[in-house]
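This briefing concerns aromatic contacts and surface character in a protein model. Please consult the sequence and structure shown here while reading the points that follow.

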Amino acid sequence: MARALIQGASRGLGLQFCRHLLKSAPSTYVFATCRNPSSADDLRLLRDSYPERLEIVELDVAQEGQIKNAAELVKERSNGSVDLLINCAAMLHPSGKGETSLKDVSGIGLLDTFSTNTIGPLLMAKYFAPLLAKGSGSFGQPSEDQKKKHTGVLVNMSARVGSITDNVLGGWYSYRMSKSALNMATKNLSLELGRGRGKVICVCLHPGTVNTDLSRPYHRNVPKDKLFTTEYSVECLMSIVDKLSMDDTGKYMAWDGQEIAF
């Protein structure tokens with residue numbers, strides 16, 4: 001049985017990734033992490049529907065100790081391997097709105113945003129990479145070339161606004177910077193985890209503008225045909241994941257499969 005871990009699964013894209021995998025990949029066991037399982041009502045309802053294939057794990061991505069403990073628990077439950085890790089948890093800013101000018105920038109805002117959006121996913125990679133290196137290669141495209149065989153897939157949910165090249169509007173200092181840094185971390189991971197026998201494909205994916213709590217304050221500025229449901233976005237993203245190979249590791253791609261300039 002393949003094993004997937006969705007970090008930040010209590011709502012939004014993370015919850016939908018869990019739903020998609022449970023419905024569309026019947027041979028996959030899903031570990032779903034969130035900060036407060038007792039208040040994750042939708043996730044608990046999903047577990048009630050799939051009690052044999054969904055396990056909820058408490059994990060605050062801003063707490064390294066909890067990440068380490070979660071990795072140890074998953075290792076015990078999964079016979080030491082994970083095939084797919086998707087880092088979903090993210091914040092726009094602790095205030096709920098991105099900074100519109102320099103005067104809105106604060107040290108605590110930057111630190112909190114980086115902790116969730118950048119440092120957390122990198123620490124997830126640190127503790128779960130050994131499990132991904134022992135995966136079965138169940139996600140992505142298998143290769144006949146031994147040098148290009150992969151064991152696991154690591155997906156970091158990024159955003160187009162993390163592109164330095166694409167930035168023509170400015171603003172959103174904390175969020176833009178945290179996603180740019182996440183892109184760099186993912187590129188680094190693709191190089192390090194692409195060596196040796198247990199190769200891991202590492203990519204950054206932009207889900208589009210999705211109807212979630214993170215983007216809700218800005219929905220009025222988004223054309224209706226550009227505001228995606230979580231169902232549509234995850235369908236597109238999983239289509240990309242299913243086609244990944246070692247030739248794609250290190251890439252930064254949008255929901256439609258198009259590469260984004262860093």
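**Surface patch and aromatic pairs**

On the surface, L102, Y173 and M177 make up a nonpolar patch whose combined accessible area is about 300 Å². The model is predicted. A search of the whole structure also identifies six aromatic pairs, among them W172 with Y175.

**The nonpolar patch**

- One member of the patch, L102, is located in the loop between β4 (84–87) and α4 (107–132).
- L102 has a relative accessible area of 61% and is therefore classed as exposed.

**The pair W172 and Y175**

- The rings of W172 and Y175 are arranged edge-to-face, at 6.0 Å centre to centre and with 80° between the planes.
- W172 is partly exposed, its relative accessible area being 23%.
- Y175, by contrast, is buried, with a relative accessible area of 7%.

**The pair F228 and Y232**

- The ring centres of F228 and Y232 lie 5.0 Å apart.
- Because the planes of F228 and Y232 meet at 65°, and an angle over 60 degrees counts as edge-to-face, this pair is also assigned to that class.
- F228 is buried at a relative accessible area of 8%, whereas Y232 is partly exposed at 39% relative accessibility.

**The aromatic cluster**

- F228 and Y232 belong, together with W255, to one aromatic cluster.

Conventions. Residues are numbered from 1 along each chain as its sequence is written. This is a predicted model: local features need pLDDT of at least 70, side-chain atom pairs count only at pLDDT 80 or more; totals for chains, interfaces and linings use all residues. Side-chain values use heavy atoms; hydrogens and water are left out. Rings of Phe, Tyr and Trp (its six-membered ring) pair if their centres lie within 6.5 Å; planes under 30 degrees apart count as stacked, over 60 as edge-to-face and the rest as tilted. Buried means under 20% relative accessible area, exposed over 50%, partly exposed in between (1.4 Å probe, protein chains only). Patches are made of residues with over 30% relative accessible area and no salt bridge: like charges are joined within 9 Å, nonpolar side chains (Val, Leu, Ile, Met, Phe, Trp, Tyr) within 5 Å. Accessible areas come from the Shrake-Rupley method with a 1.4 Å probe; for residues, only the protein chains shown count as cover. A salt bridge is a side-chain nitrogen of Lys or Arg within 4 Å of a carboxyl oxygen of Asp or Glu. Helices (H or I, at least four residues) and strands (E, at least two) are DSSP runs, numbered from the N terminus.
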